[in-house]
Amino acid sequence: MQKKPNINVHVLYVLFVSKMQGTFSLLAPPIVNFLANDPMVDQFDLSSLRDPYSGASTLGKELTEKMVQRLKLDGIRQGTCHSLLPQS
């Protein structure tokens, strides 16, 4: 049986944004947590990122503010499947 390579998607994300100078991104909450808290993020130039969106789960205010401040963003747009349901 072939051994699968150990690939860290968080590291791949920052590598690609840094190298390709991405401006828009759809972020799952674990990526937001990584960007807000991991010291490794400081080693990459993510200044091109301007318009991040997060979905699948609501982010807490503290986590959102931490990522926004760290990456010097205006904010993070958020949406979940709950936001698509009719409100009663």
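## A walk through the predicted model

Val41, Asp42, Phe44, Leu46, Ser47, Arg50, Arg70, Leu71 and Lys72 line the largest pocket of this structure, which is a predicted model. The space in this pocket comes to about 160 Å³, and the lining residues fall into four nonpolar, one polar and four charged.

Two of the charged lining residues can be followed further, since Asp42 and Arg70 join their side chains in a salt bridge, with 3.1 Å from N to O. This pair connects distant parts of the chain, for Asp42 sits in the loop between α2 (29–37) and β2 (51–54) while Arg70 belongs to helix α3, 28 residues apart. The two partners can also be described by their accessibility: Asp42 is counted as exposed because its relative accessibility is 59%, whereas Arg70, with a relative accessible area of 21%, is counted as partly exposed. Lys72, which also lines the pocket, is found in the loop between α3 (61–71) and β3 (77–78). The backbone of Lys72 has a phi near 55 degrees, a positive value in a residue other than glycine, and Lys72 counts as exposed because its relative accessibility is 71%.

As general background, side chains of opposite charge can pair when their charged atoms come close. How many salt bridges does a search of the whole structure find? The search gives three, and the pair of Asp42 and Arg70 described above is one of them. In another, Asp51 pairs with Arg77, and the closest N and O atoms are 3.2 Å apart. Because Asp51 is in strand β2 and Arg77 is in strand β3, this salt bridge ties together parts that are 26 residues apart in sequence. Asp51 is partly exposed, with 26% relative accessible area, and Arg77 is likewise partly exposed, with 46%.

The salt bridge between Lys61 and Glu65 has its closest N and O atoms 4.0 Å apart. Here both residues lie in helix α3, four residues apart, which is about one turn of the helix. Lys61 is exposed, having a relative accessible area of 63%, while Glu65, at 37% relative accessibility, is partly exposed.

From the charged pairs the reader may turn to a nonpolar part of the surface. Which residues form the nonpolar patch there? The patch is made of Ile7, Val9, Leu12, Leu15, Phe16 and Met20, which together have about 600 Å² of accessible area. Leu12 is found in helix α1, which covers residues 9–20, and Phe16 is found in helix α1 as well. Is Phe16 buried or exposed? Phe16 is exposed, because its relative accessible area is 53% and the category begins over 50%. Leu12, by contrast, is partly exposed, with a relative accessibility of 32%.

Phe16 also leads back towards the starting point, since its C-alpha atom is separated by 9.6 Å from the C-alpha atom of Leu46, a residue 30 positions away along the chain, and Leu46 is among the residues that line the largest pocket.

One further residue deserves a look in the loop between α1 and β1 (24–27), where Gln21 is placed. The phi of Gln21 is near 55 degrees, a positive value in a residue other than glycine, and Gln21 counts as partly exposed because its relative accessibility is 37%.

Note on methods:
Residues numbered from 1 in each chain as written. Predicted model: local features only at pLDDT ≥ 70, side-chain atom pairs only at ≥ 80, totals over all residues. Heavy atoms only, no water. Patch = residues over 30% accessible without salt bridge, like charges linked within 9 Å, V, L, I, M, F, W, Y side chains within 5 Å. Areas by Shrake-Rupley, 256 points an atom, 1.4 Å probe, with all protein chains shown as cover. Helix = DSSP H or I, 4+ residues; strand = E, 2+ residues; numbered from the N terminus. Buried < 20%, exposed > 50% of the residue type's maximum accessible area, 1.4 Å probe, protein only. 1 Å grid on protein atoms, 1.4 Å probe; cavity = no way out; pocket = protein on both sides within 12 Å on 5 of 7 lines; lining within 4 Å. Points joined across faces, edges and corners; volume = space filled by probe spheres on them. Nonpolar A, V, L, I, M, F, W, Y, C, P; charged D, E, K, R; others polar.
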